[in-house]
Amino acid sequence: MTAIALQKEKDCRFVAVSHTFLNHYMPKANGEFVKVYLCVLQAFQQADSTLSTDVLADRLSCTEGDVLRALHYWQTQGLMTLTSAQGQLLSLTLTDTVPEEESLKEAASTRESSASAASVKEELPKPEQLSRERLAQLKADEDFAQLLYIAESYIGKPLTPAEISSLDYYYEVLHFPTELIEYLVEYCVSKGHKSFRYIESVALGWHSEGIRTIDQAKQQSSQYTKQYYSVLKAFGITDRAPVEQEIRMIDHWMKDFGFDTDLICEACSRTIKAIGKVSFPYADSILSRWKEQKVRTRKDIEAVDALHESRRQAQKQAQTRPKENTNTVKASRSRFNNFEQRSYDYQKLEQQLLSAGKKE
């Protein structure tokens, strides 16, 4: 294949697209969604303060619904913020910068910790600065001294007093056994994170979920991974891992709504059947409605579906009844006109009347 020479005119105008968007977001997105994003990006960079979905639809030879689905998709990816009122899209905010590759990796890897730490309900004291006496006491503790050695081996450097204080916090306040703290550090480092801020967020998440052993921690990690991939599979996505915005949405459905994976997957399947595309906001609307209707099992869904169908049939009958009455009236009126129509030659009749008058 021959190389293509790219030449730029002096007055050439262009749209700047980040490398992260091209490398991370674009390969996983629908082609039509990418077109919409580029058009929006162009409008922002040209300082165009107005943008309408109908103009975008005409420009891209698609429907307004396609444009809205694309905008909602980019909102789930964290690249746009939409403001709506009464079903109408009022404003669109484009993020100033796209996260760097390392930030994306960090966000995806911290899904268990960030979601779990946000759900900590009990008030825990903050880690305090270690005193010299406490530091000497910890180093004299054989188990804790072994923990320090292992932690330094994983982190790859001697620990600072603040980092030692964090380990003491897990040990004394969270009541983690030393072997669980060792696994905590190992787990975080294996994810590519040596930051004690990240390690602390994972520790708080484990504490809030009652994890006190290594087996419980491993089971929790495996369970989260399985649930996320099950939801993606229900959407027909089998070639990638979930991204951070998707993970937050799934966590919201499981923790805030209280739905199990089975009901979430059912909502995802219904989304694909309804609009033919992956849409986390559409699935969220289904699950929000189920939450309002206090749906908790498959039987509850069947009952809600049956009620919806009965109402739909009643509405359909109510709409068709007036039409039948109108047709009956029209049919009754047509009976008076149901005879053979006669045609007259009015000019000939006029001549006949004039001739008769002359004879008289």
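Hi everyone, let's start with helix 11: ten of its 13 residues are buried, so helix 11 is largely enclosed by the rest of the structure. Please keep in mind that what you see here is a predicted model. Which residues of helix 11 are buried? They are F196, Y198, I199, S201, V202, A203, L204, G205, W206 and H207. Helix 11 covers residues 196-208, and from its first C-alpha to its last it reaches 18 Å, close to the 18 Å expected at 1.5 Å a residue.

Let me step back to the whole chain for a moment. The protein chain has 17 helices and two strands. How much of the chain is buried? Of its 360 residues, 33% count as buried. There is also a number for contacts along the chain: if you take contacts with a separation of 6 or more, residues 24 or more positions apart account for 65% of them.

Now to helix 10, residues 178-190. Its 13 residues should span 18 Å at 1.5 Å a residue, and its end C-alpha atoms are 18 Å apart, so the two values agree. The buried residues here are T178, L180, I181, Y183, L184, V185, Y187, C188 and V189. After helix 10 comes G192, with a positive phi near 90°.

Let's talk about helices that pack together. Two packed helices are described by the angle between their axes and the distance between the axes. With that in mind, look at helix 2, residues 31-45, and helix 3, residues 53-60. Their axes come within 11 Å and cross at roughly 120°. That angle makes helix 2 oblique to helix 3, and the crossing of the two is right-handed. Which residues meet there? From helix 2 we have K35, V36, C39, V40 and Q42, and from helix 3 we have L56, R59 and L60. Sorted by class, this contact of helix 2 with helix 3 has five nonpolar, one polar and two charged residues.

Just before helix 2 there is a residue I'd like you to find, M26. M26 sits in the loop between helix 1, residues 19-25, and helix 2. Is M26 buried, partly exposed or exposed? With a relative accessible area of 33%, M26 is partly exposed, because partly exposed covers the range between 20% and 50%. Leaving out residues up to four places away in sequence, M26 touches F21 and V34. You can also compare positions in space: M26 and Y37 are eleven residues apart along the chain, and their C-alpha atoms are separated by 9.8 Å.

Next, helix 7, residues 132-140, which has two partners to show you. The partner I'll take to begin with is helix 8, residues 142-155. Helix 7 and helix 8 pack at an angle of about 90°, with their axes 5 Å apart. That makes helix 7 roughly perpendicular to helix 8. In this contact, L138, K139 and A140 of helix 7 meet E142, F144, A145 and L148 of helix 8. The residues divide into five nonpolar, no polar and two charged.

The other partner is helix 9, residues 161-172. The axes of helix 7 and helix 9 come within 12 Å and cross at roughly 70°. That makes helix 7 roughly perpendicular to helix 9, and the crossing is left-handed. Here R134, L135 and L138 of helix 7 meet I164, D168 and E172 of helix 9. By class, that contact has three nonpolar, no polar and three charged residues. Notice L138: it is listed in the contact with helix 8, and also in the contact with helix 9.

I'll finish with two loop residues and their phi angles. As background, most residues other than glycine have a negative phi. Where is S61? S61 lies in the loop between helix 3 and helix 4, residues 64-76. S61 is not a glycine, yet its phi is positive, about 55°. S61 is also exposed, with a relative accessible area of 69%.

The other residue is H175, found in the loop between helix 9 and helix 10. Its phi is near 60°, again a positive value in a residue other than glycine. Is H175 buried or exposed? At 56% relative accessibility, H175 counts as exposed, because the cut-off for exposed is over 50%.

Thanks for listening, and do ask me anything!

Key
Residues are numbered from 1 along each chain as its sequence is written. This is a predicted model: local features need pLDDT of at least 70, side-chain atom pairs count only at pLDDT 80 or more; totals for chains, interfaces and linings use all residues. Side-chain values use heavy atoms; hydrogens and water are left out. Axes are lines fitted to C-alpha atoms, for helices over the stretch in contact, and angles run from 0 to 180 degrees between N-to-C directions. Helices (H or I, at least four residues) and strands (E, at least two) are DSSP runs, numbered from the N terminus. Angles under 35 degrees count as roughly parallel, over 145 as roughly antiparallel, 65 to 115 as roughly perpendicular and the rest as oblique. A crossing is left-handed if the near helix is turned anticlockwise from the far one by less than a right angle, and right-handed if clockwise. Contact means heavy atoms within 4.5 Å. Ala, Val, Leu, Ile, Met, Phe, Trp, Tyr, Cys and Pro count as nonpolar, Asp, Glu, Lys and Arg as charged, and the others, Gly among them, as polar. The expected span of a helix is 1.5 Å times one less than its number of residues. Buried means under 20% relative accessible area, exposed over 50%, partly exposed in between (1.4 Å probe, protein chains only).
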